[in-house]
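Here is a brief report on one protein chain. It covers overall form, surface and charge, and the cysteines.

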Amino acid sequence: MLHLLLHFLVPALVVAVFFRQRWVLAYLVMVSTMLVDLDHLVAVPIYDPSRCSIGFHPLHQPGFIVLYLLLCLVPKARLVGLGLVIHMLLDAVDCQVTSGVWMN
């Protein structure tokens with residue numbers, strides 16, 4: 001439950017510090033990147049509390065994570081990139097805390 005809450009709180013903190021002028025848009029865009037978790041629907045079982053998302057689910061692969069980092073460099077895509085990078089970092093920390101690994 002804490003992991004899910006962090007997916008809302010960490011973007012809020014980033015928005016509060018770096019995007020105060022357009023905080024509503026920035027927060028909505030960053031939180032909407034949680035849709036990346038739709039790739040969990042192709043897993044069997046869909047939910048496994050002991051499974052590490054990073055390196056297992058299609059949109060949580062290292063190659064995509066590099067793409068998400070590159071999106072941070074493109075001004076018009078920066079918020080999407082930041083949201084995705086934050087999401088992947090939180091998932092990686094969750095892997096470390098629950099399984100002792102950074103990726104599957």
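## Overall form

In this predicted model, the radius of gyration is 14 Å, in agreement with the value near 13 Å for a compact globule of 104 residues. The C-alpha trace spans about 40 × 25 × 25 Å along its principal axes.

The protein chain has 4 helices and 0 strands. Its pattern along the sequence is α-α-α-α. Take the contacts with a separation of 6 or more: 50% of them involve residues 24 or more positions apart.

## Surface and charge

Of the 104 residues, 36% count as buried. The exposed area is about 6,600 Å². Carbon and sulfur atoms supply 76% of that area.

The protein chain carries 5 positive and 5 negative charges. Their mean positions lie 21 Å apart.

## The disulfide

The whole structure contains 1 disulfide. It links C52 and C95, with an S to S distance of 2.0 Å. C52 sits in the loop between α2 (23-32) and α3 (62-71), and C95 in helix α4 (residues 78-99), so the bond ties together parts 43 residues apart in sequence. The link of C52 and C95 is right-handed, with 95° about the S-S bond.

Both ends are covered. C52 is buried at 5% relative accessibility, and C95 is buried at 2%.

## The unpaired cysteine

Why does C72 form no bond to C95? The sulfur of C95 is the closest cysteine sulfur to that of C72, yet it is 19 Å away, too far for a bond. C72 also counts as buried, with 15% relative accessibility.

Methods
Residues are numbered from 1 along each chain as its sequence is written. This is a predicted model: local features need pLDDT of at least 70, side-chain atom pairs count only at pLDDT 80 or more; totals for chains, interfaces and linings use all residues. Side-chain values use heavy atoms; hydrogens and water are left out. Helices (H or I, at least four residues) and strands (E, at least two) are DSSP runs, numbered from the N terminus. The radius of gyration is taken over C-alpha atoms; the globule rule is 2.2 Å times the number of residues to the power 0.38. Buried means under 20% relative accessible area, exposed over 50%, partly exposed in between (1.4 Å probe, protein chains only). Contact means heavy atoms within 4.5 Å. Accessible areas come from the Shrake-Rupley method with a 1.4 Å probe; for residues, only the protein chains shown count as cover. Lys and Arg count as positive and Asp and Glu as negative; His and the chain ends are not counted. The place of a charge is taken as NZ of Lys, CZ of Arg, CG of Asp or CD of Glu. A disulfide is a pair of cysteine sulfur atoms within 2.5 Å.
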